[in-house]
Amino acid sequence: MTGKPRLQPGPDHPITIRPSTDRVVVTVAGKVVADSRNALLLQEANYPPVRYVPLIDVDQSLLERTATTSYCPYKGEAGYYSIPVGGEKSVDAIWEYTEPYDAVAPITNHVAFYPDRVDSIEVTRE
């Protein structure tokens, strides 16, 4: 077998995705990179939950696609963006599953941010 493993979420590795009613604002170098009230909250097994922000709520003029990729057997291939205004700190700060596996299809056209590669991720309960 030469392909990458492809796994389904289940009792041993659950993944849930639900809409978030919170406002999510991401900033880098004084610029608002994302501002959304339509994020999705993905909870995978025992990992901390991750907010996926719709790409339409991101200032894409601040992003630069990189050649970096990674693979998750539950979600698929991820591509990355840097935020050049943030300098070295913000290299590969954002990831996106452009063609996620069926089990996580709702995160299509959504991105997630590494908290340590942006200046802030403010979450306001609404």
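Over the ring of which residue does the charged end of Arg117 sit? In this predicted model, the charged end of Arg117 is placed over the ring of Tyr114, 4.4 Å from its centre. A second arrangement of this kind involves Arg65, whose charged end sits over the ring of Tyr81 at 4.2 Å from the ring centre.

**Aromatic pairs**

Tyr114 also takes part in ring-to-ring packing, and the structure holds three aromatic pairs, two of which are set out below.

| Pair | Geometry | Centre to centre | Angle between planes |
|---|---|---|---|
| Tyr71 and Tyr101 | edge-to-face | 6.4 Å | 70° |
| Trp95 and Tyr114 | tilted | 4.6 Å | 50° |

The pair of Tyr71 and Tyr101 links distant parts of the chain, since Tyr71 belongs to strand β6 (residues 64-72) while Tyr101 lies in the loop between β8 (94-96) and β9 (110-113), 30 residues apart. Tyr71 is partly exposed, with a relative accessible area of 25%, whereas Tyr101, at 14% relative accessibility, counts as buried. The two residues fall into separate classes because buried means under 20% relative accessible area.

In the other tabulated pair, Trp95 lies in strand β8 and Tyr114 in the loop between β9 and β10 (120-124), so that parts 19 residues apart in sequence are tied together. Trp95 counts as buried at 10% relative accessibility, while Tyr114 counts as partly exposed at 25%. Together with Tyr52, the residues Trp95 and Tyr114 form one aromatic cluster.

**The sheet**

An open sheet of seven strands runs in the order β1-β4-β5-β9-β8-β7-β6, with antiparallel pairing. The edges are taken by β1 (15-19) and β6, each of which has a single partner strand, so that one side of each is left without a neighbour in the sheet. On average, and with direction ignored, neighbouring strands of this sheet are turned by 30° against each other.

Within this sheet, the antiparallel strands β4 (residues 40-44) and β5 (residues 50-54) are joined by three bridges. Tyr52, a member of the aromatic cluster, is the bridge partner in β5 of Leu40, and Arg51 is the bridge partner in β5 of Leu41. The hairpin of β4 and β5 has five residues between the strands, and there Ala45 adopts a positive phi near 45°. On to the next strand in the order, β5 and β9 pair in the antiparallel sense over two bridges, and Pro54 stands opposite His110 in β9.

**Nonpolar cores**

In soluble globular proteins, nonpolar side chains tend to be buried together. Here the largest nonpolar core has 18 residues, and those with the most contacts inside it are Val33, Val58, Ile83, Ile94 and Phe113. Strands β2 (23-28), β3 (31-36) and β9 each supply at least two residues of this core, with the largest share, three residues, coming from β2.

Ile83 gives a detailed view of the surroundings of one such residue: leaving aside its neighbours within four places in sequence, Ile83 is in contact with Val28, Val33, Leu62, Leu63, Ser90, Ala93, Ile94 and Val118. Among these contacts of Ile83 are Val33 and Ile94, which themselves belong to the residues with the most contacts inside the largest core.

A second, separate core comprises 13 residues, including Tyr74, Trp95, Tyr97 and Val104. Trp95 thus appears both in this second core and in the aromatic cluster with Tyr52 and Tyr114.

Technical notes
Residues numbered from 1 in each chain as written. Predicted model: local features only at pLDDT ≥ 70, side-chain atom pairs only at ≥ 80, totals over all residues. Heavy atoms only, no water. Phe/Tyr/Trp six-rings, centres within 6.5 Å; stacked < 30°, edge-to-face > 60°. Helix = DSSP H or I, 4+ residues; strand = E, 2+ residues; numbered from the N terminus. Buried < 20%, exposed > 50% of the residue type's maximum accessible area, 1.4 Å probe, protein only. Lys NZ or Arg CZ within 6 Å of the ring centre and 35° of its normal. Core = buried A, V, L, I, M, F, W, Y, C linked by side-chain atoms within 4.5 Å. Contact = heavy atoms within 4.5 Å. Pairing = 2+ DSSP bridges. Axes fitted to C-alpha atoms, helices over the stretch in contact; angles between N-to-C directions.
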